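Thank you for asking me to look at this entry; my comments are set out as a short note for someone new to reading structures.

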Amino acid sequence: MRIKKARSSGRDIRVASMNPDKQPAKFPGLVHETPGGGILSGPLEDVVNWARSNSLWPLTFATSCCGIEMMSTAAAKYDFSRFGFEVARATPRQADVIIIAGTIVNKMAPVLKRLYDQMADPKYVIAMGACAISGGPFFYNTYSVVKGADHVIPVDVYVAGCPPRPEALLHALITLQEKIKSGGKRERIDIDGKNI
Amino acid sequence: MVEEIGTTDKGELIINVGPQHPATHGVLHLVITLDGETVRKVEPHLGYIHRSIEKMSESLSYRQFIYATSRMDYLSAHINNHACAMAVEKGLQLEVPERAQVIRVLMGELTRIASHVLWWGAMAMDIGAFTPFFHAFREREMINDIMEESCGARLTMNYMVPGGVMYDIHPNFHRRVKEFIAQFKRKLPEYDELVTGNTIFRARTRGVGVLSKEDAISYGCSGPTGRASGVDCDIRKVQPYGIYDRLDFRQIIGKEGDTYSRYLVRMQEMRQSLHIIEQLIDNIPEGDFQAKTKAVLKVPKGEYYSRVETARGDFGVYLVSEGGLTPYRIKYRSPGFSNLSALDHTVRGQKIGDLVAIMGSFDLVIPDIDR
């Protein structure tokens with residue numbers, strides 16, 4: 001079996017997110033001044049990604065404790081609607097990003113997979129908290145816990161904590177936005193020439 | 001996932017609610033049999049968040065196993081920890097210093113308020129009012145800040161250890177709690193104004209989902225759910241632990257046993273918790289916050305049981321020790337499990353829209369049920 005990483009189509013996202021002199025994201029493209037206005041020119045993909053990143057609708061998916069911190073992030077003090085995550089949807093068909101808030105156990109894993117499959121492309125995943133990253137406090141000596149949600153669905157951003165503070169979740173959401181803005185796509189893996 | 005959508009012989013419709021559904025407050029799966037809009041039967045399916053905490057605890061030491069309980073009923077994390085710490089203390093025959101006792105009760109009552117406040121916001125949201133959720137979290141964040149300063153975490157505090165509490169309280173604790181009391185006293189009438197007196201809310205909840213006293217006892221309902229049906233089941237009163245026998249507070253008992261009654265009991269409990277905090281906050285005794293214990297705890301052979309009143313009801317810890325470094329068996333009696341068992345009985349004959357209101361008033365925390 002030959003495993004090859006497909007070439008990422010966008011710019012290197014690590015450069016964008018690790019740049020210390022990072023400016024606030026501007027509208028992508030160049031404006032050519034013309035009498036009475038201007039003409040914006042830029043790659044369509046950048047404009048689409050810019051729009052996409054600023055209106056991500058999360059799925060209200062919470063299995064356990066992290067769900068409460070997710071609610072805190074949505075509530076008045078932290079208010080993630082400031083960054084475009086206002087509309088939390090209860091159905092996967094209307095959601096763009098799934099925040100895995102809580103432990104995934106063996107019985108829940110097929111449900112999570114199904115929810116992910118029901119989401120329309122492009123879709124993004126944030127693994128919130130230690131349980132979703134690796135099983136966390138339930139890693140050892142348990143018979144029913146999936147040791148990390150990435151065994152079930154691919155994950156874009158991981159947030160550490162048990163549970164993470166709302167600021168940490170906000171940082172993860174902003175990181176996801178940066179990832180989308182810079183055209184970063186999830187790396188596809190080719191196995192024997194076949195995309196999965 | 002169980003696929004049971006279809007119709008029965010009588011032409012009744014069978015539908016699935018959950019595990020991904022906003023009204024189930026987690027990952028509960030209900031298979032509902034409907035006759036038109038009337039609910040005929042509700043069958044809860046559990047296990048979507050079964051994390052095998054009881055089995056896991058058998059391989060953790062007597063200090064470590066307490067922390068897993070913060071993740072069970074995460075809205076009553078302190079109170080769960082308290083129950084476990086008490087079970088170990090019973091085994092070791094430890095005397096907990098007075099200061100630790102007072103801090104434990106203070107933290108427990110703050111947790112109870114935080115839990116009830118969150119429930120109030122979620123309950124209103126279930127019925128269709130979105131704004132109360134933001135009001136509720138404003139007060140909840142104040143408690144979270146207090147917890148963070150003293151315990152180091154906002155939600156899963158892990159503050160109780162066998163013999164006392166892990167650290168002494170933060171110097172700001174007294175001032176912060178005073179601020180919270182002042183704020184919460186000012187805002188509680190606002191809560192009543194927003195929801196309690198609301199005509200729509202009353203129409204949706206009064207006489208809906210009546211649970212009689214006999215049924216509440218036979219299903220083992222406890223906490224506000226049981227008390228709303230007239231059962232005097234407040235462990236703080238009927239089997240006092242800690243310093244509750246020396247405190248002045250009332251056990252709130254309802255009469256009707258309907259959704260509105262369960263709502264009122266919780267609203268009154270917040271006032272009682274506030275009253276307890278007011279009694280204690282100026283009277284925290286000086287002294288040790290933790291009894292002297294050995295680094296490695298070995299509970300003598302035997303069986304120990306401790307029970308506390310969490311925000312959801314009677315929480316019990318059954319600890320069996322064979323004298324080793326880890327518990328031989330841990331069994332938790334979680335209030336949510338028994339309360340959930342009464343759901344089917346309560347909901348039968350009600351409309352499907354009321355199911356959400358009734359479930360909201362039961363205040364279920366699913367990881368507490370599944371463990």
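The numbered points below go through the domains, a pair of helices and the contact between chains.

1. Please keep in mind throughout that this is a predicted model. In chain B, the domain assignment gives domain 1, covering residues 1-48, and domain 2, covering residues 51-370, and the centres of these two domains of chain B, taken over C-alpha atoms, are 29 Å apart.

2. Where the two domains of chain B meet, 16 residues of domain 1 are in contact with 19 residues of domain 2. On the domain 1 side, strand β4 of chain B (residues 38-45) supplies the largest share, with 6 residues, and the residues of that side comprise 9 nonpolar, 4 polar and 3 charged.

3. In chain A, the axes of helix α3 (residues 66-74) and helix α6 (residues 166-181) come within 9 Å and cross at roughly 75°. Because angles of 65 to 115 degrees count as roughly perpendicular, α3(A) and α6(A) are described as roughly perpendicular to each other. From α3(A) the contact involves A:Glu69, A:Met70, A:Ser72 and A:Thr73, while α6(A) contributes A:Pro166, A:Leu169 and A:Leu170; by class, these residues divide into 4 nonpolar, 2 polar and 1 charged.

4. Which elements give two or more residues to the side of chain B that touches chain A? They are α1 (53-57) and α5 (131-151) of chain B, and α5(B) gives the most, with 5 residues. Across this contact, 27 residues of chain B meet 30 residues of chain A, and the chain B side has 14 nonpolar, 7 polar and 6 charged residues.

Definitions and conventions:
Residues are numbered from 1 along each chain as its sequence is written. Chains are lettered from A and ligands numbered from 1 in the order in which they are written. This is a predicted model: local features need pLDDT of at least 70, side-chain atom pairs count only at pLDDT 80 or more; totals for chains, interfaces and linings use all residues. Domain bounds come from an automatic or database domain assignment. Two residues are in contact if their C-beta atoms, placed from the backbone, lie within 7 Å. Helices (H or I, at least four residues) and strands (E, at least two) are DSSP runs, numbered from the N terminus. Ala, Val, Leu, Ile, Met, Phe, Trp, Tyr, Cys and Pro count as nonpolar, Asp, Glu, Lys and Arg as charged, and the others, Gly among them, as polar. Axes are lines fitted to C-alpha atoms, for helices over the stretch in contact, and angles run from 0 to 180 degrees between N-to-C directions. Angles under 35 degrees count as roughly parallel, over 145 as roughly antiparallel, 65 to 115 as roughly perpendicular and the rest as oblique.
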